[in-house]
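Here's a quick briefing to read alongside the fold. Keep the viewer open and follow along as we go from the overall layout to the sheets and then the helices.

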Amino acid sequence: MRLRKNAKIELIKGVPLFSRCSKKELAAVAAEADELVMPEGKALATQGARGAEFVIIVDGSAEVRKNGRRINQLGSGDFLGEIALISGARRTATVTTTSETRILVLTDRSFKRLTSEMPTLQASILRALSERLQADAL
């Protein structure tokens, strides 16, 4: 069953990167996010590879490994790849599905188009990032 528009918006709103966005900005991001179903054992990110998308797990699960060691387990509402959207940095870990997993995917190309078309979206994201960095520094 596919997510309704409001459910997509609520999932995206729960991501710290988008927490300061308006309803209109969230709706624009939701419209660009693709919903996909990934089989168990599918890599969502590979350590060292260039990141080109942001992923939110709708339902299912994934394992996070860094240098071959398991460091985390992800489930519904968890996300990955936010750094790649902003900086294009290489992936810091490998993330592989551990069950059939439904995800929302926002590509870096879509993200760049959205932020250039909606400067307010870019400002909201930068404000959320700034607040996160300040909180981490405390």
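What follows is a short tour, grouped by topic.

Bear in mind that this is a predicted model. The protein chain has five helices and eight strands. With a radius of gyration of 15 Å, close to the 14 Å that the globule rule gives for 138 residues, the protein chain is as compact as a globular protein of that length.

**Overall layout**

- Reading from the N terminus, the elements go α-α-β-β-β-β-β-β-α-β-β-α-α.
- If you want a bounding box, the C-alpha atoms fill roughly 40 × 40 × 25 Å along the principal axes.

**The sheet with order 1-8-3-6**

- Four strands make up this open sheet, and their pairing is antiparallel.
- Strand 1 (34-38) and strand 6 (79-80) sit at the edges with a single partner strand each, so one side of each has no neighbour in the sheet.
- Strand 3 (residues 53-59) and strand 8 (residues 101-107) are joined by six bridges and pair in the antiparallel sense.
- For a handy landmark on that pair, go to Ile 57, whose bridge partner in strand 8 is Ile 103.

**The sheet with order 2-7-4-5**

- This one is an open sheet of four strands too, again with antiparallel pairing.
- Its edge strands are strand 2 (43-45) and strand 5, each of which pairs on one side only.
- From one strand to the next, the twist averages 30°.
- Strand 4 and strand 7 (residues 94-97) run antiparallel and are held in register by four bridges.
- Look for Glu 63 here: it stands opposite Thr 96 in strand 7.
- Strand 4 (residues 62-66) also pairs with strand 5 (residues 69-74), in the antiparallel sense and over five bridges.
- On that side, Lys 66 has Arg 69 of strand 5 as its bridge partner.
- The hairpin of strand 4 and strand 5 has two residues between the strands, and Asn 67 takes a positive phi near 55° there.
- When you look at side chains in either sheet, remember that in a regular strand they alternate between the two faces.

**Helix 1 against helix 2**

- A pair of packed helices is described by the angle between the axes and the distance between them.
- For helix 1 (residues 5-13) and helix 2, the axes come within 9 Å and cross at roughly 105°.
- The two helices, helix 1 and helix 2, are therefore roughly perpendicular to each other.
- Helix 1 brings Lys 5, Asn 6, Lys 8, Ile 9, Ile 12 and Lys 13 to the contact, while helix 2 supplies Lys 23, Leu 26, Ala 27, Val 29 and Ala 30.
- Sorted by class, the residues of this contact are six nonpolar, one polar and four charged.

**Helix 2 against helix 4**

- The axes of helix 2 (residues 23-32) and helix 4 (residues 108-117) come within 10 Å, crossing at roughly 150°.
- That angle makes helix 2 roughly antiparallel to helix 4.
- As for handedness, the crossing of helix 2 and helix 4 is right-handed.
- On the helix 2 side, the contact involves Ala 28, Val 29 and Glu 32, which meet Ser 110, Arg 113 and Leu 114 in helix 4.
- By class, the contact of helix 2 with helix 4 counts three nonpolar, one polar and two charged residues.
- Val 29 is worth a click, as it appears in the contact of helix 2 with helix 1 and in the contact of helix 2 with helix 4.

Key
Residues numbered from 1 in each chain as written. Predicted model: local features only at pLDDT ≥ 70, side-chain atom pairs only at ≥ 80, totals over all residues. Heavy atoms only, no water. Axes fitted to C-alpha atoms, helices over the stretch in contact; angles between N-to-C directions. Parallel < 35°, antiparallel > 145°, perpendicular 65-115°, else oblique. Left-handed = near helix turned anticlockwise from the far one by under 90°. Contact = heavy atoms within 4.5 Å. Nonpolar A, V, L, I, M, F, W, Y, C, P; charged D, E, K, R; others polar. Pairing = 2+ DSSP bridges. Rg over C-alpha atoms; globule rule 2.2 N^0.38 Å.
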